[in-house]
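Subject: Structure handover

Hello,

Here is the structure I promised to pass on. Please open it alongside this email. My notes follow below.

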Amino acid sequence: YNTTSDADLKIVEREAEYDPALLRRLKIVWYRWRAMPDGAPQRGALAQEVYLIWPEAVTVGRGKPGADDFIAWSIDWSKLVPLLILEAQETD
């Protein structure tokens, strides 16, 4: 899976600033899927919480599970990579 990132298709407005508070605010939790409560615990993040910190990495959902119009919130983890690169550059 590739994400388009062609410089010829972009208008660069400015360099991104490093903000160490952003990465520290990303909370990783242990969870189990409600559909498989006896399944193995996994580590990850909650899309609704990531949205408050880095909204461009989240696709907003709709409704509640079981409703006809339900769409789950989701995270595009590749959109968090720039945040990790800024962190790595700052700690060099």
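Ala45 touches Lys27, Ile28, Val50, Ile75 and Trp77, leaving out residues up to four places away in sequence. Keep in mind that this is a predicted model. Ala45 also belongs to the largest nonpolar core.

The core

That core has 12 residues in all. Its members are Leu22, Leu26, Ala45, Ala47, Val50, Ile53, Trp54, Ala57, Val58, Ile75, Leu80 and Leu83. Which element gives the most to this core? Helix H2 does, with 3 residues.

Start with Leu22. It sits in helix H1, residues 20–25. Its relative accessibility is 16%. The cut-off for buried is under 20%, so Leu22 counts as buried. Beyond its neighbours within four places in sequence, Leu22 is in contact with Ile53, Trp54 and Leu83.

Look at Leu22 and Trp54 together. They are 32 residues apart along the chain. Their C-alpha atoms are separated by 7.9 Å.

Trp54 lies in the loop between H2 and E3. Is Trp54 buried or exposed? Its relative accessible area is 12%, so Trp54 is buried. Setting aside residues up to four places away in sequence, Trp54 touches Leu22, Lys79, Leu80 and Leu83. Trp54 and Leu84 are 30 residues apart in sequence. In space they are 12 Å apart, C-alpha to C-alpha.

Leu26 comes next. You will find it in the loop between H1 and strand E1 (29–31). Not counting neighbours within four places in sequence, Leu26 is in contact with Val50, Ile53, Leu80 and Leu83. Leu26 and Tyr51 are 25 residues apart in sequence, with 9.9 Å between their C-alpha atoms.

Tyr51 and the aromatic pairs

How many aromatic pairs does the structure hold? There are 2. A pair of aromatic rings is described by the distance of the centres and the angle of the planes.

Tyr31 and Trp33 form one of them. The rings are 5.4 Å apart, centre to centre. Their planes are at 85°. Edge-to-face calls for an angle over 60 degrees, so this pair is edge-to-face.

Tyr51 and Trp73 form an edge-to-face pair as well. Here the centres are 5.6 Å apart, with 85° between the planes. This pair links distant parts of the chain, 22 residues apart. Tyr51 is in helix H2 (residues 47–53). Trp73 is in the loop between strand E3 (58–59) and strand E4 (74–75).

Are these two partners buried, exposed or partly exposed? Tyr51 has a relative accessible area of 33%, so it is partly exposed. Trp73 has 29%, so it is partly exposed too. The range for that class runs from 20% to 50%.

Tyr51 has another role to point out on the surface. With Leu52 and Val60, Tyr51 forms a nonpolar patch. Together the three have about 290 Å² of accessible area.

Salt bridges

Side chains of opposite charge can pair when their charged atoms come close. How many salt bridges does the count come to? It comes to 4. Three are worth listing here, each with its N to O distance:

- Arg14 and Glu17 meet at 3.3 Å. Both residues are exposed.
- Arg62 and Asp69 meet at 3.9 Å. Arg62 has 44% relative accessibility, so it counts as partly exposed. Asp69 has a relative accessible area of 38%, so it is partly exposed.
- Lys79 and Asp76 meet at 3.8 Å. Lys79 has 37% relative accessibility, so it counts as partly exposed. Asp76 has a relative accessible area of 25%, so it is partly exposed.

Lys79 ties back to the core section. Among the residues that Trp54 touches is Lys79.

Where to look

If you want a short route through the model, begin with Leu22 in helix H1. Go on to Trp54, one of its contacts. Then turn to Tyr51 in helix H2. From Tyr51, cross to its aromatic partner Trp73. Finish at the salt bridge of Arg62 and Asp69.

Best wishes

Key
Residues numbered from 1 in each chain as written. Predicted model: local features only at pLDDT ≥ 70, side-chain atom pairs only at ≥ 80, totals over all residues. Heavy atoms only, no water. Phe/Tyr/Trp six-rings, centres within 6.5 Å; stacked < 30°, edge-to-face > 60°. Helix = DSSP H or I, 4+ residues; strand = E, 2+ residues; numbered from the N terminus. Buried < 20%, exposed > 50% of the residue type's maximum accessible area, 1.4 Å probe, protein only. Patch = residues over 30% accessible without salt bridge, like charges linked within 9 Å, V, L, I, M, F, W, Y side chains within 5 Å. Areas by Shrake-Rupley, 256 points an atom, 1.4 Å probe, with all protein chains shown as cover. Salt bridge = Lys/Arg side-chain N within 4 Å of Asp/Glu carboxyl O. Core = buried A, V, L, I, M, F, W, Y, C linked by side-chain atoms within 4.5 Å. Contact = heavy atoms within 4.5 Å.
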